[in-house]
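Visitor: Please show me the sequence and the structure, and then let us examine the model together by question and answer.

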Amino acid sequence: MSDQSAPKPFSWEYRPTVLAKEAFHIAGGRPLSGSVRVSGAKNAALKMMAASVLTGETLRLENVPEILDIEVLRDTLRDLGVAVERESDGTMDLTAGDVEWLFVPLEAAAKMRASFMLLGPLLARFGRVIISNPGGDRIGRRPVNLHVDAMRALGAEIDYRDGYYFAKSSGRLRGAEITFPHVTVMGTENAMLAAVLAKGTTRIQPAAREPEVDDLITLLNAMGAQVQRTAPDVIEIQGVDALHGATHHVMPDRIEAGTFATAAAVIGGSIEITEIEPAHLGGFLQVLERMGVEHSVTGNTLRVSGLPQGEGSYKAVDITTAPYPGLATDLQPSAGLILTRASGVSNIHETIFEDRLEWLVGLRNFGAQVEILDPRHARISGPTTFTAAEADIPDLRAGATLMLAALAAPGESRIHGAHHVRRGYATIEEKFRGLGAELTHVSEEEKSPA
Ligand code: EPZ
């Protein structure tokens, strides 16, 4: 089935920032069993969709996850005039022949920060774009200054007025040395998406080492770009005159894989997680290893066996998030949840985002003993046997984690804000039901997100 709509330049429709509010009803305490397949990676697919505007030819993406963030970017691209066709098998065709509406509104940016990924490719191909500042979100301020600095280094002129970046370049962008003060994933990717069509050579350092960046490099090279990782943290790009269409299979979602591994560890039971790339999970598997969570990897399958509630505990450890290949900040809530099942005191140090520990407050509702020492440090004392509770989901990863606490707690829990989880986890309810969990969702009243 296709959900194509014809490209409609200058037909931008105002869609207010409202999300259909949903809650999960969870009957927890049932150990998991069975097998679950990981979907395509959200944080790879979104950047690839943005890359589609670099050419007038069709870009075919396979293994695109069925999640809300993908729908939001699809709508934004359609508003720009990009034809987007999506098939039920996860294939998406994007054709950016006639992009004339070079404006990314606040409404798109407010729904999803990744809409800022359109800055680099629109500027590179069309020489101008007006794009809203995505602002902050529930995990901290999250500025975009490094993206903007990278575009300026490539020769763009950028003014900031009334919440919008007005970016333009006279003629082609020019290759440049881009030196970031610290690693930035989307900053690296935005710079790449601009530099592929620039005149001359660009060198990005330190370039993010996340596997999603390498998957994007593979796609860009398939489109005719010349991008190479010349050292672990250096990416070099020889600009080309034009890019063409290509077909690319999106890599598996390592964060989703880690979330299911966490589910087995905290809910108990034994599951296999298929179609993963084990090399991408290194930092997280080390945490499982240190804590004594039983797991094994065979080919592209990860098996995890966890201790049911009240039946034993894991080893307490200290964890610190870090850029790849360290422990991913997106798996900090997962790893933190497993720590509640450990005997003794564990510490969490969040080094990437300034305010990503607030979710631990919601975990207290389920009986966890948590102290937030400052915005980057927390202490967890365990082991906890979870009790059913009601909680509000503040953001995507924290939300998935609170859902796991509810699935582990015997009895009925209610989790408000389930739509945040749908932003990044494809068919999550079906996947958990397939593993023997009991959960349903109900609609709540519609309201603007905080
Ligand atoms: C990406 O965000 C991911 N998002 C995040 O996943 C992930 O948590 C993060 O990388 C780190 O791995 C997508 O890929 C869509 P950064 P990104 O730039 O690129 C600061 C999820 O749940 N910074 O690497 O925006 C920033 O505030 C999401 O899927 C600046 O100061 O993260 C942070 O402290 C959440 N100025 C640090 O750099 C800038 O211009 C690293 O952030 C840009 C970033």
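**The ligand, the salt bridges and the backbone**

Visitor: How far is an oxygen atom of the ligand from an N or O atom in the side chain of Lys 47?
Guide: The pair in question joins an oxygen atom of the ligand to an N or O atom in the side chain of Lys 47. A polar contact is a pair of N or O atoms within 3.5 Å; within protein, one atom must be able to donate a hydrogen and the other to accept it, and residues adjacent in sequence count only if both atoms are side-chain atoms. For Lys 47 the distance is 2.8 Å.

Visitor: On what kind of model do such values rest?
Guide: Residues are numbered from 1 along each chain as its sequence is written, and side-chain values use heavy atoms, with hydrogens and water left out. Local features need pLDDT of at least 70 and side-chain atom pairs count only at pLDDT 80 or more, while totals for chains, interfaces and linings use all residues, for the model is predicted.

Visitor: Which side chain has an N or O atom 2.7 Å from a nitrogen atom of the ligand, and which has one 2.7 Å from an oxygen atom of the ligand?
Guide: For the nitrogen atom of the ligand, the partner at 2.7 Å belongs to the side chain of Asn 145. For the oxygen atom of the ligand, the partner at 2.7 Å belongs to the side chain of Thr 184.

Visitor: How much of the ligand's accessible area does the protein cover?
Guide: Accessible areas come from the Shrake-Rupley method with a 1.4 Å probe; for residues, only the protein chains shown count as cover. On its own the ligand has 830 Å² of accessible area, and the share covered by the protein is 88%.

Visitor: Which elements give two or more residues to the shell around the ligand?
Guide: Helices (H or I, at least four residues) and strands (E, at least two) are DSSP runs, numbered from the N terminus. The elements that give two or more residues to the shell are α1 (42-51), α5 (145-153), α6 (185-195) and α12 (396-408).

Visitor: Which residues around the ligand come nearest?
Guide: A residue is near the ligand if one of its heavy atoms lies within 4 Å of it. There are 23 residues around the ligand, and those that come nearest are Leu 146, Thr 184, Met 186, Asp 330 and Ile 352.

Visitor: Where does the ligand lie with respect to the domains?
Guide: The domain bounds come from an automatic or database domain assignment. Both domains give residues to the shell, so the ligand lies between domain 1 (42-249) and domain 2 (254-443).

Visitor: Asp 330 also forms a salt bridge; which residue is its partner?
Guide: A salt bridge is a side-chain nitrogen of Lys or Arg within 4 Å of a carboxyl oxygen of Asp or Glu, and by this rule the count comes to 22. In this pair the N to O distance is 2.8 Å, and the partner of Asp 330 is Arg 356.

Visitor: Why does this pair tie together separate parts of the chain?
Guide: Buried means under 20% relative accessible area, exposed over 50%, and partly exposed in between (1.4 Å probe, protein chains only); Arg 356 at 7% is therefore buried, as is Asp 330 at 17%. Arg 356 lies in the loop between β20 (342-349) and α11 (359-364) and Asp 330 in the loop between β19 (318-320) and α10 (332-339), so the pair ties together parts that are 26 residues apart in sequence.

Visitor: Is Glu 429, the salt-bridge partner of Arg 433, buried or exposed?
Guide: The side chains of Glu 429 and Arg 433 meet at 2.9 Å, N to O, and both residues lie in helix α14 (residues 428-434), four residues apart, about one turn of the helix. Arg 433, at 39% relative accessible area, is partly exposed. Glu 429 has a relative accessibility of 4%, so it counts as buried.

Visitor: Which residues are linked with Arg 433 in a network of salt bridges?
Guide: The pair in helix α14 belongs to a network of salt bridges. Linked with Arg 433 in that network are Glu 22, Arg 422 and Glu 429.

Visitor: Where is the cis peptide bond that precedes Pro 383?
Guide: Most peptide bonds are trans. Pro 383 lies in the loop between β22 (377-382) and β23 (390-392). The cis bond, with omega about 5 degrees, joins Gly 382 and Pro 383.
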